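Student: I should like to work through this model by question and answer. Please give the reasoning behind each reply.

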Amino acid sequence: MTTPNILTWEEYLQKFNDILNGDITSAPYDNEDYLNYVKLNRSRQDRWLKKLKLNEKLVHLVKQINTPQTWYAITEPWCGDAAHNLPVFYLLSQLNEHIEFKIVLRDTPPFMIEEYLTNGGKSVPKIVVRNEKEEDLFTWGPRPKEAQDLMLSFKENNTPFEEQKIILQQWYNKNKGEDIQREISLLLENVLQLA
């Protein structure tokens with residue numbers, strides 16, 4: 001599956017640089033708000049990559065994978081939730097040579113996101129884990145359940161966007177990646193039991 005919208009982690013990080021250096025100026029990166037999102041997200045990603053403490057149980061589960069898997073992360077550099085969640089998947093993928101981690105750009109064809117909608121929407125990030133036959137083993141996303149519940153309550157209560165961003169950021173900071181790791185553990189346990 002080689003298409004122009006699939007990147008390695010390194011190519012994805014380079015895309016951030018290209019946007020921030022002004023090498024990519026097409027929509028939505030011709031909008032200052034989106035440039036600010038990319039700058040913030042790069043900083044948040046870097047922080048998670050340096051400071052995230054991986055759960056020992058999850059590390060053990062990841063190391064038990066003994067057949068090839070591809071972990072596709074459908075996202076875009078402007079996505080705030082991706083900045084908090086993708087570093088977890090990337091760091092885990094580095095623990096096992098059987099895992100290949102790929103970034104799939106949501107807004108560049110072919111549109112893989114169309115197969116993985118959340119409540120009818122193209123919410124990202126969306127993680128799709130497939131076996132060597134490209135069969136889905138599990139999906140995750142766009143955010144941990146408690147954070148998703150927060151988003152649903154924001155919509156119900158018409159919470160202003162700026163307030164949503166602050167509350168969600170505080171949730172991620174306080175949670176320290178614990179919920180996402182617990183959710184991935186449950187998904188991987190299921191896959192390993194079926195193997």
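**Cavity, pocket, sheet and helices**

Student: Which element gives the largest share of the lining of the largest cavity?
Tutor: The largest share of the lining of the largest cavity, three residues, comes from α6; helices (H or I, at least four residues) and strands (E, at least two) are DSSP runs, numbered from the N terminus. The model is predicted, so local features need pLDDT of at least 70 and side-chain atom pairs count only at pLDDT 80 or more, while totals for chains, interfaces and linings use all residues. Residues are numbered from 1 along each chain as its sequence is written, and side-chain values use heavy atoms, with hydrogens and water left out. The element asked for is α6.

Student: How much space lies in the largest cavity?
Tutor: On a 1 Å grid over the protein atoms alone, a cavity is a set of points where a 1.4 Å probe fits but cannot get out, a pocket is an open set with protein on both sides within 12 Å along at least five of seven lines, and lining residues have an atom within 4 Å of a point. Grid points are joined across faces, edges and corners, and a volume is the space filled by probe spheres set on the points. The count comes to one cavity of 30 Å³ or more, with a lining that includes Trp48, His84, Pro144 and Trp171. Its space is about 40 Å³.

Student: Which element gives the most to the lining of the largest pocket?
Tutor: The largest pocket holds about 780 Å³ of space. Of its 28 lining residues, the closest to the centre are Gly80, Asp81, Arg143, Met151 and Phe161. Two or more residues come from each of α2 (32-51), α4, α5 (145-157) and α6 (161-175). With seven residues, the element that gives the most is α6.

Student: Which strands form the edges of the sheet?
Tutor: Two strands pair if DSSP finds at least two bridges between them. The five strands form an open, mixed sheet in the order β1-β3-β2-β4-β5. Inside that order, β2 (69-75) and β4 (126-131) run antiparallel over six bridges, with Ala73 partnered by Ile127 of β4. The strands that pair on one side only are β1 and β5.

Student: Which residue in the turn of the β4-β5 hairpin has a positive phi?
Tutor: β4 and β5 pair in the antiparallel sense over four bridges, and Val129 stands opposite Phe138 in β5. Four residues lie between the two strands of the hairpin. The one with a positive phi, of about 65°, is Glu134.

Student: Why do the buried residues of α3 lie on the same side of it?
Tutor: The buried residues (under 20% relative accessible area, where exposed is over 50% and partly exposed in between, with a 1.4 Å probe and protein chains only) of α3 (56-64) are Leu58, Val59, Leu61 and Val62. They lie on the same side because they cover an arc (of the directions from the helix axis to the C-beta atoms) of only 160°. On the other side, the exposed residues are Glu56, His60 and Lys63. The value that answers the question is the arc of 160°.

Student: Is Asp179 of α7 buried or exposed?
Tutor: Asp179 is found in α7 (178-194), and its side chain makes a polar contact of 2.9 Å with that of Asn175 (a pair of N or O atoms within 3.5 Å; within protein, one must be able to donate a hydrogen and the other to accept it, and residues adjacent in sequence count only if both atoms are side-chain atoms). Beyond its neighbours within four places in sequence, Asp179 is in contact (heavy atoms within 4.5 Å) with Pro144, Glu146 and Trp171. Because its relative accessible area is 10%, Asp179 is buried.
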